[in-house]
Every structure is written in C-alpha cells, then in structure tokens.
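User: Could you take a close look at the salt bridges in this structure for me? I'm in my first year, so please walk me through where the partners sit and what surrounds them.

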Amino acid sequence: MKLTEEQLKTFDELGYLYLPGCFNAEEVARLKAAAQDVFSEQREEIWREKNGVPRTAFACHKYNQTCNALVGDHRLVEPLEQLFGEQVYVHQFKINAKAAFTGEVWQWHQDFPTWHKDDGMPEPRAMNIAIFLDDVMPINGPLMIVPKSHKHGALQSSHDQQTTSYPLWTLDNDTVTKLVENNGIVTPTGKAGGVLMFHANIVHGSAGNITPYPRRIVYLTLSALSNAITNPTRPEFIAHTDFTPVTSASDGMDQQCLAALSS
Ligand SMILES: O=C(O)CCC(=O)C(=O)O
C-alpha cells in the first residue's frame, strides 16, 4: 500500500499520519483475540505496571501466529519502505495494553533517543506504525503528539526509571512547553482498525487510563536495513538483532484502507 504524494507531504510537515479504517472488523476481532491470548501468558517479555497489570507485551510476534502474520502486512511495511527508500527489518514489536482503570502514563519523549542511546541505532531512519485494537478516544489515554516537533531533531533527554515500570529517555517540561506553545498538541483518535504512523523524532506521550475502556495498540517498529543497531544494551526481545528484511505480503483484506486513502 503506497502513500499518496499529499500524504507524504503531510507526514513530512506534521511528523505523523493517521489512516482510519485500515483493518476491517474481522481482522480487528482476530487481533483482539490474539492480544487476549498474549496477555494471559506469564512470560518475561510481558512488562507489567507497578500494580502487576500487563503494560506491554514485547515480541509476541515470535510466539503468536496472528501477531506474526501482521509483521509483513503490506499496509504497514510498504509506507515505511516508501519513506526510507529501502527495505526494512523489525526493530521492535509490541502490544501496549493501557488497561481500563489502571493503564499508566507514557512520559513525553521521542523514540529515537532511546533507540540511539540504548540500542546504538545510527539514524532516525526507523519508525513506529501502530494499529488501534480498541476505539481510541480522547478519554482513554490516546497518544498525544506535538505536530512538527520532529523538525527539531533529537532533543536533550534524561533517563527516567522512576515514573513507570518501563525506563525511558524523557523530555523536560520546559522543552515540551516551548514546543507546544508553537504547535499545540493533537490526539489522533478513531475506531479500532485505524493506523497511526509517526516520525522517530516526534514528541509524544500519553496520559493514564482511568476509564472502563481499554486502549490496546499494536506497535510495529520498522527500521531501514542500512540503519541496523550496533550496540544493543536491552534484551533481544526489546531490541531485535535479526536484521532480515521484512517481506511485504498482501492478504487482500484491505479495501477499507484503500478507500480511506483515496478519500
Ligand atoms: O502506547 C502509548 O500510549 C505510548 C507508546 C509510546 O510512546 C512508545 O512506544 O514510544
């Protein structure tokens, strides 16, 4: 699935792109069932909030067939190949649970500094492409994005190991305030099945979820092949070292997405 010239322009300008209705109801149902299976497991790859509720299931594409099938989906792979101008490999795969009532925050951060400092990724030639498994609403902890912030490159960050169970290189309040004064904050929201892609240097975060509505999102992080990590310090299930190019496959269930793209 190729992005249009206009979408490429929007992505370059704003640093993110939201594509509603990419995955149909049947696909979403399959992915939700897969997420339920994954989160019912007791494994070291599943990180938990401080209260024990699952926060993130890393690398579940390695043991769950439905997740595995998603990795090569052309709706996810082709736009990133198009942007990077080369083939891609999987740097990370995860499902973030953001559970009803208990899902905790993701502090303000950019992705690239963590990939660079913790994994030795050379350049911001990698990106998250996310599939909404639940309806993402303004109330259930949607991703908050500062448009155009990717234009500032990698900003100074500090290692936060306290706020949540998951260590992250985060931005300070002054930095975020200045960026937000200029460009505000957006919360791309929409129905389950929507896809959100965002630049490695876009400033983003999300609030806790105190609603009864879970907000599960699958994140596939694809990196340009020429951008393989050189110094991983995190477990292999968080920063993969298999640099085999992903083969894009069409499963013919993408009519909704094509319609969304041409509208
Ligand atoms: O799922 C979320 O709310 C945030 C995830 C995120 O920011 C990340 O994985 O970098």
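Analyst: Let's start with the term itself: a salt bridge here is a side-chain nitrogen of Lys or Arg within 4 Å of a carboxyl oxygen of Asp or Glu. The idea behind it is that side chains of opposite charge can pair when their charged atoms come close. Keep in mind that you're looking at a predicted model. Searching the whole structure turns up 12 salt bridges, and a few of them are worth going through one by one.

Take Asp-134 and Lys-32, whose side chains pair up with an N to O distance of 3.7 Å. Asp-134 belongs to the loop between β6 (126-132) and β7 (143-146), while Lys-32 is in helix α2 (residues 25-39), so this salt bridge ties together parts that are 102 residues apart in sequence. The two partners don't sit in equal cover: Asp-134 is buried, at a relative accessible area of 6%, whereas Lys-32 is partly exposed, at 29%.

Now for Asp-135, which pairs with Lys-191 at 3.5 Å, N to O. Asp-135 is also in the loop between β6 and β7, and Lys-191 is in the loop between α6 (173-183) and β10 (195-199), so here the linked parts are 56 residues apart in sequence. With a relative accessible area of 31%, Asp-135 is partly exposed; Lys-191, at 59%, counts as exposed. Salt bridges can share partners too, and that's how Glu-27, Asp-73 and Arg-75 end up joined in one network.

Another pair to find is Glu-45 with Arg-43, at 3.3 Å from N to O. Glu-45 is buried, with 13% relative accessible area, and Arg-43 is partly exposed, with 29%.

Since α6 came up as a neighbour of the Lys-191 loop, have a look at its two ends. Asp-172 caps the N-terminal end of α6, with a side-chain oxygen 3.2 Å from the backbone nitrogen of Asp-174. Just after α6 comes Gly-184, with a positive phi of about 70°.

Helix α5 (residues 111-119) also has a glycine after it: Gly-120, with a positive phi near 75°. Seven of the nine residues in α5 are buried, so you can call this helix mostly covered. Among the buried ones are the acidic residues Asp-111, Asp-118 and Asp-119, along with Trp-115.

Asp-111 takes us to the ligand, because a residue counts as near when one of its heavy atoms lies within 4 Å. Asp-111 is one of the residues surrounding the ligand, and others there include Lys-94, Lys-98, Trp-106 and Arg-215. For polar contacts, look at Asn-96, where a side-chain N or O atom is 2.9 Å from a ligand oxygen. His-109 gives a distance of 2.9 Å to a ligand oxygen as well, and a polar side-chain atom of Tyr-219 lies 2.7 Å from one.

One last stop is the largest pocket, with a volume of about 250 Å³. Its lining includes His-61, Lys-62, Asn-68, His-240 and Asp-242. Sorted by class, that lining has four nonpolar, five polar and two charged residues.

Terms used: Residues are numbered from 1 along each chain as its sequence is written. This is a predicted model: local features need pLDDT of at least 70, side-chain atom pairs count only at pLDDT 80 or more; totals for chains, interfaces and linings use all residues. Side-chain values use heavy atoms; hydrogens and water are left out. Helices (H or I, at least four residues) and strands (E, at least two) are DSSP runs, numbered from the N terminus. Buried means under 20% relative accessible area, exposed over 50%, partly exposed in between (1.4 Å probe, protein chains only). On a 1 Å grid over the protein atoms alone, a cavity is a set of points where a 1.4 Å probe fits but cannot get out, and a pocket is an open set with protein on both sides within 12 Å along at least five of seven lines; lining residues have an atom within 4 Å of a point. Grid points are joined across faces, edges and corners, and a volume is the space filled by probe spheres set on the points. Ala, Val, Leu, Ile, Met, Phe, Trp, Tyr, Cys and Pro count as nonpolar, Asp, Glu, Lys and Arg as charged, and the others, Gly among them, as polar. A polar contact is a pair of N or O atoms within 3.5 Å; within protein, one must be able to donate a hydrogen and the other to accept it, and residues adjacent in sequence count only if both atoms are side-chain atoms.
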